[in-house]
Amino acid sequence: MEIKIISENKRDFMDLLLLADEQEDMIDKYLDRGSLFALYDNDLKSICVVTDEGDGNFELQNLATYEQFQGEGYGTYLVKHLFEYYKGKGAIMHVGTGDVPSIVSFYEHCGFTFSHRLENYFLEHYIEPMFEEGIQLKDKVYFRKTL
């Protein structure tokens, strides 16, 4: 496996980014200012975007793996790579996500702990209702991990 940092033509990865964040204008808010990491195992499998939020805080804004490769460990491998990459560059890695049991479990498995909740975030910031595993996303839950 190989992880590359993509610094040009980030929008070329929009199809994969949209798997994790369904509204393109929301992705536009962090894509240009974020670092894009692409995981290849022969071909592209997974991608993520991390932003520097200042004061030693980084935020994992988007993490997506092509559906046919989900559950094979690519997302976990990429998150662990981020922890090593940002170790010594900051203090905390944050991630905000929908309040869905499998997603919450994934981030907890990766070592994140619950931080806080933004009530009605998805209802207020997205044009169309968003669903994950049949659950309508309402609140955005944040997790954190000390680097």
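**Note on a predicted model: sheet, helices and pocket**

1. S2 and S3 form a hairpin that leaves 1 residue between the two strands, and Asn42 in this turn has a positive phi of about 75°. The structure discussed here is a predicted model. Within the hairpin, S2 and S3 pair in the antiparallel sense over 7 bridges. In this pairing, Leu36 has Val49 of S3 as its bridge partner.

2. A second hairpin is made by S3 and S4, with 2 residues between them. Asp55 lies in its turn and has a positive phi of about 55°. The two strands run antiparallel and are joined by 8 bridges. One of the facing pairs is Thr51 opposite Glu59 in S4.

3. On the other side of the pairing scheme, S2 (residues 35–41) also pairs with S1, again in the antiparallel sense, over 5 bridges. Here the bridge partner of Ile3 is Leu39 in S2.

4. These strands belong to an open sheet of 7 strands, whose order is S1-S2-S3-S4-S5-S9-S6, and its pairing is mixed. Strand S1 (2–6) and strand S6 (113–118) are the edge strands, each pairing on one side only. Neighbouring strands of the sheet are turned by 30° against each other on average, direction ignored. When inspecting the strands, the student may recall that side chains in a regular strand alternate between the two faces of the sheet.

5. Two helices should be viewed together with the sheet. Helix H3 (residues 74–86) lies across S1, S2, S3, S4, S5 and S9, and runs at about 135° to S2. Helix H4 (residues 101–109) packs on the sheet and touches S4, S5 and S9. The direction of H4 makes about 165° with that of S5.

6. The largest pocket contains about 990 Å³ of space. It is lined by 43 residues, and those closest to its centre are Ala20, Leu63, Thr97, Ile103 and Tyr107. Elements giving two or more residues to this lining include helix H1 (14–20), helix H2 (24–31), H3, H4 and helix H5 (121–125). S4 gives the most, with 7 residues. By residue class, the lining divides into 19 nonpolar, 13 polar and 11 charged residues.

7. The structure holds 6 salt bridges. In one of them, the side chains of Arg11 and Asp28 meet at 2.4 Å, N to O. Arg11 lies in the loop between S1 and H1, while Asp28 is in helix H2, so the pair ties together parts that are 17 residues apart in sequence.

Key: Residues numbered from 1 in each chain as written. Predicted model: local features only at pLDDT ≥ 70, side-chain atom pairs only at ≥ 80, totals over all residues. Heavy atoms only, no water. Pairing = 2+ DSSP bridges. Helix = DSSP H or I, 4+ residues; strand = E, 2+ residues; numbered from the N terminus. Axes fitted to C-alpha atoms, helices over the stretch in contact; angles between N-to-C directions. Contact = heavy atoms within 4.5 Å. 1 Å grid on protein atoms, 1.4 Å probe; cavity = no way out; pocket = protein on both sides within 12 Å on 5 of 7 lines; lining within 4 Å. Points joined across faces, edges and corners; volume = space filled by probe spheres on them. Nonpolar A, V, L, I, M, F, W, Y, C, P; charged D, E, K, R; others polar. Salt bridge = Lys/Arg side-chain N within 4 Å of Asp/Glu carboxyl O.
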